[in-house]
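Biologist: Could you walk me through this one? I'd like to hear the reasoning behind each label, not just the label.

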Amino acid sequence: MLVNKPDEWVRIALQRFQVQLPHERTPEHNESKESIEKIQETLITLSEQRFPLVMQGLSKLIKEPAFINSFSSNKKDKIGESNVIVLSTIEKCLCKYPEQCSRLEDDVLSNLLPSIIQYVLQTFDFPHAPEVQKMAAKIVSHISSFHFSAIFNKVSFRLHQLSSVDDGNNDVNYLILIRYLKLTSSSLMILLEECLDTFKSLKKPAKLALISSLEKAIWNWIKHNAEEFAKFQRSPPKKLSELCDNLFEILVSFAESTKRKAAVWPLQIMLLMLSPDTLAAVAPGLKQQDAHLEVKREFLENLKTALTSAKALTESSAIACVKLCKCSTYMKPEDNSVLCFLVVTVMNELKALLFNICKPFTMISQSTIPVETLMVDCFVSSFRLNYRNSQPFADCLLPTAPVLFSVVYVKGLYTIVRQKPLYWWPTLKVMYSKAESIRNLFERTLEKFRGLENSHGASRMSVLYKGKEKRSKEEEVGALKAEKELLLWLVRLFRMEPAFAFSE
């Protein structure tokens, strides 16, 4: 009987799952969409007891890029959709039973990882590729929690290849994996040691790729280990601090030009934060006799200066300072952390830069961080550090403020209410006094949206006959989209925190 054969249950569920995938579905198996969701739930449940078998079966259903590209557009769409479903099932299994991931044997990983990693490393142009890439990155992150060496060894091998004088292959894609590693303090030190060993021998493209990925990896570690990060600030481990100090100075030597400084500053501020004794020594801004400390003092001074001048470095300085602000929110007020002291020295200039409605901040470089994200992070961090000092943000609710500023304000409030708070963070109740202004914003936005929608609908056909109006019509569509986004965020906020939607 099948009751006594759980492995057979898994095989049957996998077969049923496969025939219901969009690209496999035939008229005979054309059941409802709900059916494949039920089979997916069954596989997730079965994975609790037969995790390796479920993972192995699902990995075989992932279709390779070369296979997808061999079909017509319509078929590509269905195969891409199938890949999203398969990867989402794997990711849900890993999320629900994370401890089961440790039971995966090498043979299962050797089948699963190549299929997953290829979608992380490259961007494809077939349908659903962005969704597949995002899902694949999540899976790599989950697997690295329990099988760090399985991912790291690939990165390490590539780093040593790139640092070899004889190696003619300059492909740096494998370094992207670093940003998705779910690190512990021990694995972070292993990663830093590897970077120190190879950095000087790398060529410029590889150095820049490593800098970008390492900065994201460190930030992810801080974000997911906030309590441990705070503990490190109070009692820093000597080895980690030394590694960060050494790598910081190597980066100083590399950043000989303005362009390179802009690339390394966000990583350098992260390294300084992981070396709190060094940071405490240089934070007051006094000239240091020790050359190793002086170079770090000069870095902090340049970082602050760039917020108000040095236009070529302003963007990088803003990114680094926002990271500093975010990290400082993980420190308890009673810790009297040097991070909080540093934030005080940059916060006013940072707000003036990012929240000037007369001169909105724009990104010049091809940064991976959108301006909106930077502004939201600054808003949320400022609120958590000192919600009373919120006057610079009040302009975001003015009728004359650009839509972006209003979106940032509302998204910031939404982020505050959605994220699980640390006990010392203020609650959104302290912002209830802004409820009337937010309701007024909603009414104005709704009125604008209706007006733009009617205007757009009435003149939509004019673009076909008046080429000179094309630009204005594109601007009209952009304005309509912006007002719609603001409305959606206001509705989300009202749903999460109804107090903003109703009068007392």
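Modeller: Here is a run through domains, empty spaces, cysteines, a helix and some single residues.

Modeller: This is a predicted model, so local features need pLDDT of at least 70 and side-chain atom pairs count only at pLDDT 80 or more, while totals for chains, interfaces and linings use all residues. Residues are numbered from 1 along each chain as its sequence is written, and side-chain values use heavy atoms, with hydrogens and water left out.

Biologist: Fine. What are the domains, and where do their bounds come from?

Modeller: The bounds come from an automatic or database domain assignment. The division gives domain 1 (1-146), domain 2 (147-221 + 241-254), domain 3 (257-374) and domain 4 (387-455 + 473-503). Between the C-alpha centres of domain 2 and domain 4 there are 40 Å.

Biologist: What makes an empty space a cavity, and what makes one a pocket?

Modeller: We put a 1 Å grid over the protein atoms alone: a cavity is a set of points where a 1.4 Å probe fits but cannot get out, and a pocket is an open set with protein on both sides within 12 Å along at least five of seven lines. Lining residues have an atom within 4 Å of a point. Points are joined across faces, edges and corners, and the volume is the space filled by probe spheres set on them.

Biologist: How many cavities of 30 Å³ or more does that rule give?

Modeller: Three cavities of 30 Å³ or more. The largest cavity has a volume of about 70 Å³. Helix H20 (403-418), helix H21 (435-459) and helix H22 (470-496) are the elements that give two or more residues to the lining of the largest cavity; helices here are DSSP runs (H or I, at least four residues) numbered from the N terminus. H21 has the largest share of that lining, four residues.

Biologist: How does the lining of the largest cavity divide into nonpolar, polar and charged?

Modeller: Six nonpolar, two polar and three charged. Nonpolar takes in Ala, Val, Leu, Ile, Met, Phe, Trp, Tyr, Cys and Pro, charged takes in Asp, Glu, Lys and Arg, and the others, Gly among them, are polar. Among the lining residues of the largest cavity are Leu398, Val403, Arg444 and Glu483.

Biologist: And the second largest pocket: how do you know which domains it lies between?

Modeller: Domain 1 and domain 2 both give residues to its lining, so the second largest pocket lies between them. Its volume is about 430 Å³. There are 13 lining residues, and the closest to the centre are Ala137, Lys138, Ser141, Tyr180 and Asn220. Helix H7 (129-146) gives the most to this lining, five residues. The lining of the second largest pocket divides into three nonpolar, four polar and six charged.

Biologist: Why is Cys244 not counted in a disulfide with Cys195?

Modeller: A disulfide is a pair of cysteine sulfur atoms within 2.5 Å. The sulfur of Cys244 is 11 Å from the closest cysteine sulfur, in Cys195, so that is too far for a bond. The search of the whole structure finds zero disulfides.

Biologist: Why are Cys195 and Cys244 called buried or exposed?

Modeller: Buried means under 20% relative accessible area, exposed over 50%, and partly exposed in between (1.4 Å probe, protein chains only). Cys195 has 1%, so it is buried, and Cys244, at 0%, counts as buried.

Biologist: How do you know that the span of helix H9 (residues 185-198) agrees with its length in residues?

Modeller: The expected span is 1.5 Å times one less than the number of residues. For the 14 residues of H9 that should be 20 Å, and the end C-alpha atoms are 20 Å apart, so the two agree. H9 is mostly covered, with 10 of its 14 residues buried, including Leu188, Met189 and Cys195.

Biologist: What makes Asn336 worth a look?

Modeller: Most residues other than glycine have a negative phi. Asn336 has a positive phi near 50° and sits in the loop between helix H16 (311-328) and helix H17 (338-354). At 68% relative accessibility, Asn336 counts as exposed.

Biologist: Where is His128, and what is its phi?

Modeller: His128 lies in the loop between helix H6 (106-121) and H7, and its phi is positive, about 70°, although it is not a glycine.

Biologist: Last one: why is Tyr414 called buried or exposed?

Modeller: Its relative accessibility is 14%, so Tyr414 counts as buried. Tyr414 lies in helix H20. From Tyr414 to Phe494 there are 80 residues in sequence and 9.0 Å in space, C-alpha to C-alpha.
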